[in-house]
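User: I am new to reading protein models and would like to learn how to go from strands and helices to single residues. Could you take me through this one step by step?

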Amino acid sequence: MSLCCCLSSSDDFSDQYIPLPMSPGFLSTAVEPHELLLLARSGSGSGSGSVEAVNLSLGQEGLSVLGRRKGPTGRVASTLKISKSASSTVLTIPYIQILSATVKPKPGATGTTIVTISAVRSGSKGTSSKLWTLEGDVGDEQGAEKANAWVQELEKLAYPGSPTRRRLLVLVNPHGGQGKAKAVWEQFAEPVFRAANCKVKLQMTGPPGSPTNASALAHAVDISAFDAIVCVSGDGIVHEILNGLANREDAVAALKIPVVTVPAGSGNALNVNLHGPKRADDRIWAALSVVKGTVFGLDLCSVTQGEKHFYSFLSQAQGLMADLDLGTEHLRWMGDTRFVYGYIQGSLAGRRYPVELSLKVVQGDKSKMVTAYNEALSKPPPRPSTSNGEMPSEGASKVPVLKFGKVSDPLPPSTAHDDVPQRLEPGWHTFKTSIFFLYAGMMPYVAKDFKIFPPAYEDGLIDVAIIKPRSRLASLSAVDGAEVGKAFYNDDLKYFKCEAFRLTPLAPQGYISIDGESVPHETFQVECHPHLARTISMTGRVFGQNLKPV
């Protein structure tokens, strides 16, 4: 599928995506424009008719397309496959959004060469991105040699910091997201990967226990054969894949293969965190990121419960937030609105959840969290670390050992509290109290309209948010501003950055949610492993915006 888009003003690649993953100093280096003219003659007879032309220029900001056309109707020559025209219009496409450029002889036309360029055009005013294609003739005056040299230069500028032609294992969950994943693949992701000439192996995932279950596929995949695993799905398949990789004999090496999504599920929090809420549903942009984005480290958490040991990449919840994840399954048809509906319902019911909670606090001051977060955003994103935490031995392939043991092991000495205070000093702290909810995670968003962890980033820590029981009015008022993380600034939200925590539910029944998946309603322990896994985004980091001071 290729969509020919009209020429317009310069593209709207947002400032939040600067710096781009280009060669250092590229944008500050003076680059003489390299031009190519695509043209065709209209009319009949040798030498008659007018010349319709599009000038292509390789500039500092990207590929500039200048169209010059005559006539009130803006007629486009048949050999220039580009839609609506204007008398003189300029389109600039950042190099990061160029997918490919090719040169080939024109069939049946001696000495005429065809140039084809494929790119992704950013959406504007809330619209999604589009796949854009321009194709036209290079006349005898310029020749195939110049066309080849120009296209080679464009390809160098388009792929300076990311490998060309990534090899992709694409996993499509045909039953996820109300069964729309296959259509998402065919209409959005596949055309982008094809335009970029990626090497793709497509695999439909099967139900749990089957050999094509996502976890089983990840456990058996030849990691040397692929540059990324692409999930056309929601977050559930990501959880399965990461656990499949983590349970291999070569787990540390396997977890270095990036795992990324093209959103097609009922929950797409990973995609929101990689590209921001405005691009949460932009599948073509997500596919572009797979092709052109930068790999970076993704924090994973070990979760131990009973005799089980598994991994979490997104969130852990108990109390109302677990009820929202798991107690509204029958409302998946509502999309993210089901969480708002469930929250209002729980607030009106005045629910309380008794727990015993132990936290290994690293930072317990919101003001200092904001300062550290803003400082991190002001610096270039860190490259993935070569170390994945404390290893059992030199060169070992297993995942890191547990620094604080399993859930069945005794905890270190802890300071006991009757209630959860506003601030805590570093160290172990234990509370036996009732909560409205506990939500823990490693990225800012749990849905595109719910930013519960504003200062979360790739710092190797778990952000833990706790709300104590409160009035119905206070709970309902907290819905306001949820999409921008307003609750973080409320005094009734206790917030801590932790290395680990242990939670024991004291009620006889209820829900515990790990990455949106249900686990038994019993004691569990969580510990963070910095940068143990890998993912891809256009910025080389999780989406972030500066926070105002507390």
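User: Let us start with strand 8 and strand 10: how many bridges join them, and do they run parallel or antiparallel?

Analyst: Strands of a sheet pair through backbone hydrogen bonds, and the pairing is either parallel or antiparallel. In this predicted model, strand 8 and strand 10 (residues 228–233) are joined by 5 bridges and run parallel. Two of the residue pairs can be followed in the picture: leucine 169 has isoleucine 229 of strand 10 as its bridge partner, and leucine 171 is partnered in strand 10 by cysteine 231.

User: How many bridges join strand 8 to strand 9?

Analyst: Strand 8 is joined to strand 9 (residues 199–204) by 6 bridges, and these two strands also run parallel. To find the place, look for arginine 167, whose bridge partner in strand 9 is lysine 199.

User: What is the order of the strands in this sheet, and which strands stand at the edges?

Analyst: The sheet is an open one of 4 strands in the order 9-8-10-11, with parallel pairing. Strand 9 and strand 11 (259–263) stand at its edges, and because each has a single partner strand, one side of each is left without a neighbour in the sheet. On average, neighbouring strands here are turned by 25° against each other, if direction is ignored.

User: Why can strand 8 be called largely enclosed by the rest of the structure?

Analyst: The reasoning is a matter of counting: a residue is called buried when its relative accessible area is under 20%. Strand 8 (residues 167–172) has 5 buried residues out of 6, and therefore it is largely enclosed by the rest of the structure. For the chain as a whole, 54% of the 550 residues are buried.

User: Which helices lie across strand 8, strand 10 and strand 11?

Analyst: Helix 4 (residues 235–246) lies across these three strands and runs at about 150° to strand 10, while helix 7 lies across the three strands too, running at about 160° to strand 11.

User: Helix 7 also meets helix 2, so how should I describe two helices that pack together?

Analyst: Two packed helices are described by the angle between their axes and the distance between the axes. For helix 2 (residues 181–195) and helix 7 (residues 283–292), the axes come within 9 Å and cross at roughly 35°, and the crossing is right-handed. The residues of helix 2 that take part are Val184, Phe188, Ala189, Val192 and Phe193, which meet Arg283, Ile284, Ala287, Leu288, Val290 and Val291 in helix 7. Sorted by class, this contact has 10 nonpolar residues, no polar ones and 1 charged residue.

User: Where can I see antiparallel pairing in this model?

Analyst: There is an open sheet of 3 strands, in the order 5-6-7, whose pairing is antiparallel. Its edges are strand 5 (98–105) and strand 7 (130–138), and since each of them has a single partner strand, one side of each is left without a neighbour in the sheet. Neighbouring strands in this sheet are turned by 15° against each other on average, with direction ignored. Strand 6 (residues 113–121) pairs with strand 7 over 9 bridges, and one place to look is serine 118, whose bridge partner in strand 7 is threonine 133. Helix 1 (residues 143–158) lies across strand 5, strand 6 and strand 7, at about 165° to strand 5.

User: Turning to single residues, what is the phi of asparagine 197 and of histidine 531?

Analyst: Most residues other than glycine have a negative phi. Asparagine 197, however, has a positive phi near 60°, and histidine 531 has a positive phi near 55°. Asparagine 197 is placed in the loop between helix 2 and strand 9 and is partly exposed, with a relative accessible area of 38%. Histidine 531 belongs to strand 25 (residues 524–537) and is buried, its relative accessible area being 13%.

User: Is glycine 346 buried or exposed, and which residues does it touch?

Analyst: Glycine 346, which lies in helix 9 (residues 337–349), is buried, with a relative accessible area of 0%. Leaving aside residues up to four places away in sequence, glycine 346 touches Leu320, Arg351 and Phe436. Its C-alpha atom is separated by 9.4 Å from that of methionine 321, a residue 25 residues apart from glycine 346 along the chain.

Note on methods: Residues are numbered from 1 along each chain as its sequence is written. This is a predicted model: local features need pLDDT of at least 70, side-chain atom pairs count only at pLDDT 80 or more; totals for chains, interfaces and linings use all residues. Side-chain values use heavy atoms; hydrogens and water are left out. Axes are lines fitted to C-alpha atoms, for helices over the stretch in contact, and angles run from 0 to 180 degrees between N-to-C directions. A crossing is left-handed if the near helix is turned anticlockwise from the far one by less than a right angle, and right-handed if clockwise. Contact means heavy atoms within 4.5 Å. Ala, Val, Leu, Ile, Met, Phe, Trp, Tyr, Cys and Pro count as nonpolar, Asp, Glu, Lys and Arg as charged, and the others, Gly among them, as polar. Buried means under 20% relative accessible area, exposed over 50%, partly exposed in between (1.4 Å probe, protein chains only). Two strands pair if DSSP finds at least two bridges between them.
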